[in-house]
Amino acid sequence: MNGPDLNLSEIGWTPEFEQAAQEVRLGAPGLTLLPGRVAGVGRNTATLWTQGGPQESVFAGTLRQADVTPVVGDWVLAEPVPDAPLRVHAVLPRRTQLARAVQAGMQVLSANVDVVLVMTAPDGDIDEARLSRYLEAVRAGGARAALLLNKVDLTRKPEAVIAQLRALDPAVPVLPLRAKEGEGVADVRALIGPGETAALIGSSGMGKSTLTNALLGREAALTGEVGATREGRHTTTARTLYRLPGGGVLVDNPGLRDIEVWRDDAAAGFEDIEALAADCRFRKCTHGSEPGCAVQRAVARGQLSEERVEAYRAAQGFAAGRPKAKRRK
């Protein structure tokens, strides 16, 4: 990210963003507003990637009054100010977002992400319910997902663990890798197209910073030593945006112990279950222990995981603790 004349299309600028920018400019006559991508955020400041290189910025009063907070990955329009930081006036509409529910409402973790790489490892981190929530959060935000099984050498039965992850969502690719040794890194890189943005999430110590360095081809992210439990120590403390060699962008996120999915629509991300539910015997079926439940039949056939159905039931506000369906042998 050194030097001028950055090609913005290499870091995610599209004709759709240009059109949105033109509409904002029409409503702000007399201002020169330049696009920039948010690479880091402070309290009322942001580091922007602009055509002229990285620049510091402050938030204009109108932006603060609008109660719009830029996040890493956002595209903004900023006004050049002589001998001062750029002044951010507007956040352009987000194509996608990775968000979670918090006590105050919704927290957007990163914006305009094309693919979210969910990293896990076979050393005690495989939690199907939690991983399902990660995947649901990705779907709810409009991005595509991939599951990365790092430290695959820590299990004697990698095929079984990979099959376990694939069962969470057959549409989501599962990639085994050993990031520290460089194995499988090229397969991960192939998921990120020119000009696309990837976000890397998962629990602390799974090797996210190690993978970041492998993708960048340099030591940019700090990595922790492996302790006696063979788990890495968490080192990423803030969301960081990196340019990838050959085009594309990577967001390295701090470790997430878990994620609570933000839902505007309780059925969002569960369209497959909604389709099955249409064949339930009872119109108000809760997909628990009712007879004639098409959703539970799908669980018994192995088409759906029990954890995914439980996540759907929780989204619908149904009580937990249903009897588990018996799978066919």
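Two residues are in contact here when they have heavy atoms within 4.5 Å of each other. Keep that in mind as you look around this predicted model. The chain has 329 residues, and buried ones make up 48% of them. Its secondary structure comes to 9 helices and 13 strands. Take the contacts between residues at least 6 apart in sequence: 65% of them join residues at least 24 apart.

**Helix α3**

- Let's start with a quick length check on α3, which covers residues 128–141. At 1.5 Å a residue, its 14 residues should span 20 Å, and the end C-alpha atoms are indeed 20 Å apart, so the two agree.
- D127 caps the N-terminal end of α3, with a side-chain oxygen 3.2 Å from the backbone nitrogen of A129.
- After α3 comes G142, and its phi is positive, near 95°.
- Plenty of names turn up on the buried list for α3, including R130, L131, Y134, L135 and V138.
- An α-helix has 3.6 residues a turn, so residues three or four places apart point the same way.
- S132 sits in α3 too. Is S132 buried or exposed? With a relative accessible area of 8%, S132 is buried, because buried means under 20%.
- Which residues does S132 touch, once you set aside its neighbours within four places in sequence? S132 is in contact with R139 and L168.

**The six-stranded sheet**

- Six strands form an open sheet in the order β10-β9-β8-β11-β13-β12, and the pairing is mixed.
- At the edges stand β10 (174–176) and β12 (240–243); each has a single partner strand, so one side of each has no neighbour in the sheet.
- On average, neighbouring strands of this sheet are turned by 25° against each other, ignoring direction.
- Strands of a sheet pair through backbone hydrogen bonds, either parallel or antiparallel.
- For β8 (residues 115–120) and β11 (residues 197–202), the pairing is in the parallel sense, over 5 bridges.
- Want one bridge to look for? M119 has G202 in β11 as its bridge partner.

**The nonpolar cores**

- The largest nonpolar core has 43 residues, and L92, V116, V118 and L147 have the most contacts inside it.
- Several elements each supply at least two residues of this core, among them α1 (15–26), β4 (75–79), β9 (144–149) and α4 (158–166).
- Which element gives the largest share of this core? That's α3, with 5 residues.
- L92 is in contact with W13, F17, A20, A21, V24, W75 and L77, leaving aside its neighbours within four places in sequence.
- There's also a second, separate core of 21 residues, which includes V185, V188, L216 and L244.

**Helix α6**

- S209 is found in helix α6, which runs over residues 208–216. S209 counts as buried because its relative accessibility is 7%, and the cut-off is under 20%.
- What does the side chain of S209 make a polar contact with? Its partner is the side chain of D252, at 3.5 Å.
- L216 lies in α6 as well, and at 7% relative accessibility L216 counts as buried.
- Leaving aside neighbours within four places in sequence, L216 is in contact with Y242, R243, L244 and P245.
- L216 and P245 are 29 residues apart in sequence, yet their C-alpha atoms are 6.4 Å apart in space.

Notes: Residues are numbered from 1 along each chain as its sequence is written. This is a predicted model: local features need pLDDT of at least 70, side-chain atom pairs count only at pLDDT 80 or more; totals for chains, interfaces and linings use all residues. Side-chain values use heavy atoms; hydrogens and water are left out. Helices (H or I, at least four residues) and strands (E, at least two) are DSSP runs, numbered from the N terminus. The expected span of a helix is 1.5 Å times one less than its number of residues. Buried means under 20% relative accessible area, exposed over 50%, partly exposed in between (1.4 Å probe, protein chains only). A polar contact is a pair of N or O atoms within 3.5 Å; within protein, one must be able to donate a hydrogen and the other to accept it, and residues adjacent in sequence count only if both atoms are side-chain atoms. Two strands pair if DSSP finds at least two bridges between them. Axes are lines fitted to C-alpha atoms, for helices over the stretch in contact, and angles run from 0 to 180 degrees between N-to-C directions. A nonpolar core is a set of buried Ala, Val, Leu, Ile, Met, Phe, Trp, Tyr and Cys residues joined through side-chain atoms within 4.5 Å.
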